[in-house]
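Work through the exercises below with the sequence and the model open. Each task is followed by a solution in steps.

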Amino acid sequence: MRFQFIADEHVKVKTFLKKHEVSKGLLAKIKFRGGDIRVNGRPQNATYLLDVGDEVVIDIPPEEGFETLEAIDYPLDILFEDDHFLIINKPFGVASIPSVNHSNTIANFIKGYYVKQNYENQQVHIVTRLDRDTSGLMLFAKHGYAHARLDKQLQKKAIEKHYYALFKGDGHLEPQGEIIAPIARDEDSIITRRVAKGGKYAHTSYQIVASYGNIHLVDIRLHTGRTHQIRVHFSHIGFPLLGDDLYGGSLEHGIERQALHCHYLSFYHPFLEEQLELECPLPDDFDTLITQLSNNNLF
């Protein structure tokens, strides 16, 4: 894959490319795995001294897929794709990556799609991961350089995600608010988390979209990415997620998983040089319950 730049400083190639988030590791890959660096059409190395206005072209060698990741052919709901990124609407009930307990995962399906399309790069780079029972927008980089550039945005908290969630509680939930409460591992479990002094800083913003008695459809933005953050924060204030029996959520309304859906994603596309925003609709199980609740409220 080829990328072109115009030098704006009198510096070494490696110094200039670092500004464009080309790492030492990627330069080594270019050097030792069949890539190429050219300046004004001539082969050069990373220590070559550039003049302002020089054209720098790098060719990054193809990425073979990991042999341990099985390619599985599975239909994907693709919402955006170009040479650099792939964004899908992930179904609930499917883990993001393989583990001892999960083998038919989103990573397997993405690998299967890459193989079927005969793409040059077949490594799966997950940028934003979702829990098994969370549905919605999931972002992949289609090559290592794209992944590295979005990693920088992740570190700066520049990738914005919003979730829809269905909560149930008997108390009063303010129309909008901030939940800032530290999250730690539960002392009695390796899985669950809890709000606790000495935990890691966690910040959640929310706004109620609609209410149906004591059930609320809420739009949520995470400012930090702690494990189970939404589930823990809202359970802590007395409004656990529907379907989330791990944190006290009700199982009485036909929702068979934690009622959480990533519906909005925004990030800066470094190759198009523009902000990209995507949205996806409510999943069927949300829609079905909301229709039922809305009809009940008419009587």
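**Exercise 1. Salt bridges**

How many salt bridges does the count come to? Then describe the pair D8 and K19, and place both residues in the chain.

Solution. The model is a predicted one.
Step 1. Apply the cut-off: a side-chain nitrogen of Lys or Arg must lie within 4 Å of a carboxyl oxygen of Asp or Glu. The count comes to 14 salt bridges.
Step 2. For D8 and K19, the N to O distance is 3.2 Å, and their side chains form a salt bridge. D8 sits in the loop between β1 (2-6) and α1 (13-19), while K19 belongs to helix α1, so the bridge ties together parts 11 residues apart in sequence.
Step 3. Check exposure. D8 is partly exposed, with a relative accessible area of 46%, and K19 is partly exposed, also with 46%.

**Exercise 2. Pairs that link distant parts**

Which distant parts of the chain does the pair R149 and E21 link? Treat the pair D285 and R257 in the same manner.

Solution.
Step 1. R149 and E21 form a salt bridge in which the closest N and O atoms are 3.1 Å apart. R149 is in helix α4 and E21 in the loop between α1 and α2 (24-32), with these positions 128 residues apart in sequence.
Step 2. Buried means under 20% relative accessible area. R149, with 14%, is therefore buried, whereas E21 is partly exposed, with 23%.
Step 3. In the pair D285 and R257, the closest N and O atoms are 2.9 Å apart. D285 lies in helix α6 (residues 284-296), and R257 lies in the loop between α5 (229-236) and β15 (260-269); the two are 28 residues apart.
Step 4. D285 counts as buried at 16% relative accessibility, and R257 is buried at 1%.
Step 5. Shared partners remain to be noted. Salt bridges join D8, E9 and K19 into one network.

**Exercise 3. The annotated residue**

Is D131 buried, partly exposed or exposed, and which residues is D131 in contact with, leaving aside neighbours within four places in sequence?

Solution.
Step 1. UniProt, in an unreviewed entry, lists D131 for "active site".
Step 2. D131 falls in the loop between β7 (125-126) and β8 (135-141).
Step 3. The relative accessible area of D131 is 37%, so this residue is partly exposed.
Step 4. With those sequence neighbours left aside, D131 contacts K90, V94, H228, R231 and Q258.

**Exercise 4. Positive phi**

Where in the chain do N40 and K157 lie, and is each one buried, partly exposed or exposed?

Solution.
Step 1. N40 is not a glycine, yet has a positive phi of about 50 degrees. Its place is the loop between β2 (36-39) and β3 (42-43), and N40 is partly exposed at 45%.
Step 2. K157, likewise not a glycine, has a positive phi of about 55 degrees. K157 is in the loop between α4 (144-155) and β9 (160-168), and with 54% relative accessible area K157 is exposed.

**Exercise 5. Domains and a surface patch**

What are the domains in the domain assignment, and which residues form a nonpolar patch on the surface?

Solution.
Step 1. The assignment gives domain 1 (2-59), domain 2 (62-156) and domain 3 (161-262 + 288-297).
Step 2. Taken over C-alpha atoms, the centres of domain 1 and domain 2 are 28 Å apart. Seven residues from domain 1 and seven residues from domain 2 take part in their contact.
Step 3. The patch consists of I190, I191 and L246, with about 320 Å² of accessible area together. Of these, I191 is in the loop between β11 (183-185) and β12 (193-195).

Notes:
Residues are numbered from 1 along each chain as its sequence is written. This is a predicted model: local features need pLDDT of at least 70, side-chain atom pairs count only at pLDDT 80 or more; totals for chains, interfaces and linings use all residues. Side-chain values use heavy atoms; hydrogens and water are left out. UniProt positions are given in the numbering used here, feature names are shortened, and annotations may be inferred rather than shown by experiment. Helices (H or I, at least four residues) and strands (E, at least two) are DSSP runs, numbered from the N terminus. Buried means under 20% relative accessible area, exposed over 50%, partly exposed in between (1.4 Å probe, protein chains only). Contact means heavy atoms within 4.5 Å. Patches are made of residues with over 30% relative accessible area and no salt bridge: like charges are joined within 9 Å, nonpolar side chains (Val, Leu, Ile, Met, Phe, Trp, Tyr) within 5 Å. Accessible areas come from the Shrake-Rupley method with a 1.4 Å probe; for residues, only the protein chains shown count as cover. Domain bounds come from an automatic or database domain assignment.
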